[in-house]
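Trainee: Before we discuss anything, could you put the sequence and the model on the screen, so that we can go through the interior step by step?

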Amino acid sequence: MGDVAMTMPVLRALLDQHPNVKITVVTRSFFSPFFDDLDRVSIFCPDLKGKHEGFWGLFGLHKELLRLNIDYVADLHNVLRSKGLVGLFKLKGYKSYQIDKGRKEKKELTSLNQNKKLVPLKSTHERYADVFRKLGFPINLSQSYIVPQKSIPTYIKKDVEKRKLIGIAPFAAYESKSLPETKLNELIEVLSSLNNVSILLFGGGNDQKKVFESIESKYNNVHSLIKKGSFKEELDIITNLDVMVSMDSGNGHMAAMYDVPVITIWGVTHPYLGFTPFKQPLENQILPDLEQFPLIPTSVYGKDYPEGYLNCFDTININNIVNQVKKYL
């Protein structure tokens, strides 16, 4: 989800800076709401568990896409399926280009070597933009664009109207990128005491739902959004946030794609790997103590880490997060 969200600022820039371009995005149907407010964008949702499944399904998908009379193929994923699809288009003579994910330099940056050099790599957004540049469409990601604010869904509107809205997304795919419950409770206790604020908790799944509901029961201005509405409605809510506090996860990228300020709390990953939410400053990146945990980043996505490195969250200063949040209220 985060990868798809990170394409959004790049696609906005491409459309704004090249008025004659039309885009067909091939993606899962669940992600379709991301693209609702983009003009000149069509969504093609492959049936990956049906007619487009497997080797022969890829041929069928290619055949259907050929009927769309496209001119260029941009592979922003560079995985086995997309590589196969690009290969079929190349055989037909289409100009195609695939993202360079920088796997070699990311491997070096995540090596368990205490003498490694911690240097910033190219951002994922720039890597996406490079694909279109190689295809002949220069993109300047520093240019601003207008993002529409959506209506707040009625199921929470009465609880948050006329208040400053703080989003918190404390979980991620791996424990090494998820805020421990003790830290989460500490953070919410402080933020909930700020004047005229409502805190909206973003997440998914029954386990997270139980955690959120336990916290929600203690405060009048804290609201869990899990299973309260559709994914599209969650995106609509995000457009109204004053600030999002997120881990290194998709929610931060979703907020950033709507030009919402994002404060990211990092665990065993690091912003230098290129996954900082779009246009977010260094002071919004809350890091563990790297002197105590010098091997960070230990992996690109947080899957691997040495023994004891989950304790890196103990060195996260809640006051640093709160002070950054206050700047946007």
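**Cavity, pocket and cores**

Mentor: The largest cavity has a volume of about 100 Å³, where a cavity is, on a 1 Å grid over the protein atoms alone, a set of points at which a 1.4 Å probe fits but cannot get out, and where a volume is the space filled by probe spheres set on points joined across faces, edges and corners. This is a predicted model, in which local features need pLDDT of at least 70 and side-chain atom pairs count only at pLDDT 80 or more, while totals for chains, interfaces and linings use all residues. Residues are numbered from 1 along each chain as its sequence is written, and side-chain values use heavy atoms, with hydrogens and water left out.

Trainee: Which element gives the largest share of the lining of the largest cavity?

Mentor: Lining residues have an atom within 4 Å of a point, and those of the largest cavity include Asp3, His77, Lys101, Arg127 and Tyr301. The lining divides into five nonpolar, two polar and four charged residues, with Ala, Val, Leu, Ile, Met, Phe, Trp, Tyr, Cys and Pro counted as nonpolar, Asp, Glu, Lys and Arg as charged, and the others, Gly among them, as polar. Elements here are DSSP runs numbered from the N terminus, with helices (H or I) of at least four residues and strands (E) of at least two. The largest share of this lining, three residues, comes from α5.

Trainee: Which element gives the largest share of the lining of the second largest pocket?

Mentor: A pocket is an open set of points with protein on both sides within 12 Å along at least five of seven lines, and the second largest one holds about 350 Å³ of space. Of its 18 lining residues, the closest to the centre are Met1, Gly203, Gly204, Asn251 and Met254, while the elements that give two or more residues are α9 (231-238) and α10 (250-257). The largest share, three residues, comes from α10.

Trainee: Is asparagine 251 buried or exposed?

Mentor: Asparagine 251 has its place in helix α10, and it touches Ala169, Phe202, Met244 and Ser246, not counting residues up to four places away in sequence, where contact means heavy atoms within 4.5 Å. Buried means under 20% relative accessible area, exposed over 50% and partly exposed in between, with a 1.4 Å probe and protein chains only. Because its relative accessible area is 14%, asparagine 251 counts as buried.

Trainee: Which element gives the largest share of the largest nonpolar core?

Mentor: A nonpolar core is a set of buried Ala, Val, Leu, Ile, Met, Phe, Trp, Tyr and Cys residues joined through side-chain atoms within 4.5 Å. Of the 56 residues in the largest one, Phe34, Phe35, Leu200, Phe202, Ile238 and Met244 touch the most other members. The elements that give two or more residues to this core include β1 (23-26), α6 (154-160) and β5 (164-169), but the largest share, nine residues, comes from α1.

Trainee: Is glutamine 285 buried or exposed?

Mentor: Glutamine 285 lies in strand β10 (residues 285-286), and, leaving aside neighbours within four places in sequence, it is in contact with Thr264, Trp266, Pro271, Thr276, Pro277 and Gln280. Glutamine 285 and proline 271 are 14 residues apart in sequence and 7.4 Å apart in space, C-alpha to C-alpha. Since its relative accessibility is 7%, glutamine 285 counts as buried.
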